[in-house]
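Me: I have a structure open and would like to learn how to read it. Could we go through it feature by feature?

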Amino acid sequence: MPDLGYVAAGYLATAAALGGYLLWLHGRARRARRRTAALTGRPARR
Amino acid sequence: MKRSERMMARLTGRRGERVLAGAALAGLAASAGLSLLVAPPDATQGEVQRLMYVHVPAAWLAYLSFTSVFVASVAYLVTSRTRWDRLAAASAEVGVLFCALTIVLGALWGRPVWGTWWTWDPRLTTTAVLLLVYLGYLALRQMADSPGRRARWSAVLGVVGFVDVPIVHMSVVWWRSLHQAPTVLRPGAPTIAGSMLAALLVAVAAFTLAWAYLITVRLRVGRLEERAATQALSARTGGRPSDGQLPPVVGVQGRAAPDA
């Protein structure tokens with residue numbers, strides 16, 4: 001049974017890594033769009 | 001536009017991204033169900049062996065990412081097209097994520113099975129070197145002062161660094177290792193029970209879809225960041241190229257701008 005703790009930690013670490021990276025990418029996209037919008041005065045394309 | 005380019009554009013478009021995200025989510029949910037509820041526990045390792053269904057796909061995707069860096073780097077060196085540099089950068093970043101995850105999951109598996117989180121075993125050591133090589137690759141991309149030079153230097157490292165990938169895979173065959181030998185990617189039939197192999201293959205497919213989705217999103221972020229950098233440079237130089245150091249995204253026909 002204590003082994004299940006390692007399994008749970010592994011699956012949680014995987015979910016956190018994938019979800020965290022995706023959130024970070026969305027943040028980077030938002031910042032890049034804002035920077036472009038500030039410089040050009042119009043929202044960046046996708 | 002070529003047919004392959006049209007297909008790629010469709011896949012990396014917003015709609016393609018959503019389809020990939022949905023497929024990856026469904027695949028990961030199915031894989032979690034199979035791995036945690038359907039596949040039997042291992043006869044000797046017990047429940048902890050279920051970590052295989054995330055550890056092996058993570059390792060496979062690290063290999064796939066670094067292979068993608070290698071192919072894109074060779075293509076960049078041959079064609080000087082910035083899209084290859086962008087793909088190499090995206091693949092390296094995603095590869096580092098999966099390589100680090102492989103090491104963390106391996107440590108979680110090693111503690112109850114081997115009695116230690118880490119040991120200087122050939123497989124573990126070569127994997128740690130692999131992670132360091134591609135962390136160096138990402139650091140190099142931050143250091144180079146001109147986009148053309150950055151792309152060329154990183155392409156060279158992307159080709160040279162790939163040498164470690166086959167070494168990692170063969171390390172358990174070439175040297176005496178605590179890590180188990182390959183059970184699926186080996187000459188002859190896989191040495192793994194059918195139900196476990198099925199769960200593993202579903203996990204590999206689901207994680208590969210998640211990888212494709214992450215690469216697609218990372219490519220879009222790369223394009224947005226390049227556009228923002230181009231605008232910033234253009235604003236600084238009053239809209240004129242002042243020193244030939246324009247980001248590659250504004251190069252002629254997608255080719256990298258020349259170095260200063």
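Me: How many residues does each chain bring to the contact?
Reply: Two residues are in contact if their C-beta atoms, placed from the backbone, lie within 7 Å. Here chain B gives 27 residues and chain A gives 24 residues. This is a predicted model: local features need pLDDT of at least 70, side-chain atom pairs count only at pLDDT 80 or more, and totals for chains, interfaces and linings use all residues. Residues are numbered from 1 along each chain as its sequence is written, while chains are lettered from A and ligands numbered from 1 in the order in which they are written.

Me: Which helix supplies the largest share of the side of chain B that touches chain A?
Reply: Helices are DSSP runs (H or I, at least four residues), numbered from the N terminus. On that side of chain B, α4 (82-114) and α8 (194-236) each supply at least two residues, and α8(B) gives the largest share, 13 residues.

Me: Which residues of α2(B) are buried?
Reply: A residue is buried if 20 or more other C-beta atoms lie within 10 Å of its own, with C-beta atoms placed from the backbone. In α2(B) these are B:L20, B:A24, B:L28, B:S31, B:L34 and B:S35. Their cover includes α3 (52-79) and α8 of chain B.

Me: Where is confidence lowest and where highest in chain B?
Reply: pLDDT is the predictor's confidence in each residue, from 0 to 100. In chain B, helix α1 (residues 3-12) is lowest, at a mean of 66, and α3(B) is highest, at 96. Over residues 241-246 of chain B, pLDDT stays under 50. Where pLDDT is low, the predicted coordinates should not be read in detail.

Note on methods
Buried ≥ 20, exposed ≤ 12 C-beta atoms within 10 Å, placed from the backbone.
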